[in-house]
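The exercises below are meant to be worked with the sequence and the coordinates side by side. Please try each task before reading its solution.

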Amino acid sequence: MKTRTWLKKRLVSKALDKQLDAIEKPVGSMGYDPWGFNRDTNKIAAAIFSPLFRHYFRVDTTGIERVPATGPVLLVANHSGQLPIDGVLIGYSIATRPVNPRLPRAMVERFFGTVPFLGNLLNQMGGVLGDPVNCASMLDQGEAVIVFPEGVRGSGKPWGKRYQLQHFGEGFVHLAMKYKAPIIPIGVVGCEETIPSLTSLGPLARVLGLPYVPVCFPAVLPAKVRIHFGEPLYFADDDADENEVVARTQTVKNAIEALLREGLIARKSIFF
Amino acid sequence: MPDSARGRDKTGQQAPRRKPVVLITGAAGALAQRVIENLLPRYEIVAVDFREQVYHCSGVQSYCIDINKRRFEDLFRKHDIAGVIHMGRVMSSEEPRNRRYNSNVLGTAKLFKLCEKYKVNRVIILSTFHVYGANAYNPAMLDESAPLKAAELTMDLIDSVELENLAHIYLWRCPTLNVTILRPCNIVGPGIRNTIANLLSSRVCPVLTGFSPMMQFIHVDDMAEAITLAYRKNRKGIYNVATPDWVGFQDAVNACGCLRMPIPSIPPFLARQLLALLPGNPLPPYLANYFKYPVVLDHRHFQQTFGFEPKYSLKEIFRYYRSVKH
């Protein structure tokens, strides 16, 4: 706690502090919410990510105004890059947009909870264990929720499969329908190149209880990241059968694929 | 049988109106004593504990009896017991596993049978949030319908889960018992001697490196008030009892003025071995997961049904633990 206070004092500028305080986020008397979000850790993380966002990954966003100012919304993106950098960058871009900033909650892989330090840190920054019950609670209280329907299939894929969307789970469409939440498809271009992986060491991953152990360059490369926010998709809560839900999931997947295609055509270089 | 009908003599004449009698098990505990204080103005209390006979003021008849003994039934013969508050659950830190099982499961089964036989019309069972199990994949805000996964974690918590299962059976099988099961979060405060209260009272507190799960704490006075409310407002069912405030375990340890003693958390078997070596066993190894992964309760059902509002904040609770160290 003392370390957190000290870090906040050192790292968080008054402007950032004020900006993040302006975003309403119900927390208890010790600064936590039930999912482990901590206001001060979130501010420290934002302060640390600020130079990375601006100068290292030089993130460009298009269509960010499509994220509604209030109410439940699902931000559904492609997942890549071995580490959840894409989730942090999407979250930071929405939290620091000049008009109607929000603090979205990212659904994180379940196994992160078992990793010392990292699990707690992600929760304190605003990450939430990727469980349908948690996602439902978030939408019920009107949060913006970042979802990666590919899960570890997306983040752990090797270089040869870059920008190829993996299987999408359908749970997020059910939740969007139930809570009448629009889905904003998001195409993230650039994160695939931040930690390119040749393959995963399957047996070692199984021994360590991890979803994958990538064979990759031991550093995060400064690829330029472009985040494209698409038009919102609305699905009625009409008791649709599973075939219909699969079709709606495919609609979201197609929208993300289109955003990725456009983004890849528009980009001139991986690093610039 | 309604309380009002329990005051007739053998000839059917209306006897002088007496207060309804409430049997409280585990009466020697700090929480039970507060509950007794709360109930005394309206009820006559029969206080039972297998550990010791406790002496209270007038209006309380105190006994030192093990629930499993035949003599326990004499209490039902002697007193016209209208309700039972069962707080006599032996905690995991108190007795070895087999004795706990006998007391918590077989003893509670006997208690339910007696309640049925003597037509008791109100039963409160004090359970624990431990029954949900501490699992890395637990969602936050577990409501009362969440599965009870504690038995999957360790054999040491099976008695807690089985006690609950028994209570569930009687909740549906004997509706006239009006069984209410309370699952409180961490109960702390003056006089409380459970694992978490002992840890927060100590100067040096073991913590598992890299893990600081979200926790909820309820002050013993608030918990006593919650039990009193649950008894007086007859709403059978299962309820989480927790405060709408949350804190990371390591933050709580800091706020209580404890010095943290980091224990390596991986691999898990090493952590358990090291915890077992600590003098006095302050953090039993089978509870290690509760200090790694969160078990956050949804408090709203109890709050809405009983209108319960806790009075003590986390800061007041932690201030108390800081003060006991000086």
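**Exercise 1: an unusual backbone angle**

Task: in which loop of chain A is D239(A) found, and is this residue buried or exposed?

Solution. The model is a predicted one, and in it D239(A) sits in the loop that links β9 and α10 of chain A. To classify the residue, count the other C-beta atoms within 10 Å: there are 7, and because a count of 12 or fewer is the cut-off for exposed, D239(A) is exposed. Its backbone deserves attention as well, since D239(A) is not a glycine and yet has a positive phi of about 55°. As background, most residues other than glycine have a negative phi, and most peptide bonds are trans.

Task: where does Y163(A) lie, and how many C-beta neighbours does it have inside 10 Å?

Solution. Y163(A) belongs to the loop between α7 (152-155) and α8 (171-178) of chain A. Its phi is near 60°, which is again positive in a residue other than glycine. With 16 C-beta neighbours inside 10 Å, Y163(A) counts as partly exposed.

**Exercise 2: the sheet of chain A**

Task: give the strand order of the open sheet of seven strands in chain A, and explain why β1 and β4 of chain A each have one side without a neighbour in the sheet.

Solution. Begin with the order, which reads β1-β9-β6-β2-β5-β3-β4 with mixed pairing. In this order β1 (60-62) and β4 (128-129) of chain A stand at the edges and each has a single partner strand, so one side of each has no neighbour in the sheet. Next, look at the contact between β1(A) and β9 (residues 226-229) of chain A: the two strands run parallel and are joined by three bridges. One residue pair to locate here is T62(A) with its bridge partner H228(A) in β9(A). Finally, find helix α10 (residues 242-266) of chain A, which lies across β2 (73-77), β6 (183-189) and β9 of that chain and runs at about 35° to β6(A).

**Exercise 3: an enclosed helix**

Task: which residues of helix α5(A) are buried, and against which elements do they pack?

Solution. Helix α5 covers residues 118-125 of chain A, and six of its eight residues are buried, so the helix is largely enclosed by the rest of the structure. The buried residues are G119(A), N120(A), L122(A), N123(A), Q124(A) and M125(A), and they pack against α3 (39-56) and β3 (105-108) of chain A. Just after the helix, G126(A) takes a positive phi of about 130°.

**Exercise 4: where the chains touch**

Task: how many residues of chain A are in contact with chain B, and which helix of chain A gives the most to that side?

Solution. The contact involves 20 residues of chain A and 25 residues of chain B. On the side of chain A, helix α6 (residues 132-140) gives the most, with three residues. Sorted by class, the side of chain A that touches chain B has nine nonpolar, eight polar and three charged residues.

**Exercise 5: a cis bond in chain B**

Task: which residues does the cis peptide bond with omega of about -10° join?

Solution. The cis bond joins I266(B) and P267(B). P267(B) itself lies in the loop between β13 (259-263) and α9 (268-277) of chain B.

Definitions and conventions:
Residues numbered from 1 in each chain as written. Chains lettered and ligands numbered in written order. Predicted model: local features only at pLDDT ≥ 70, side-chain atom pairs only at ≥ 80, totals over all residues. Pairing = 2+ DSSP bridges. Helix = DSSP H or I, 4+ residues; strand = E, 2+ residues; numbered from the N terminus. Contact = placed C-beta atoms within 7 Å. Axes fitted to C-alpha atoms, helices over the stretch in contact; angles between N-to-C directions. Nonpolar A, V, L, I, M, F, W, Y, C, P; charged D, E, K, R; others polar. Buried ≥ 20, exposed ≤ 12 C-beta atoms within 10 Å, placed from the backbone.
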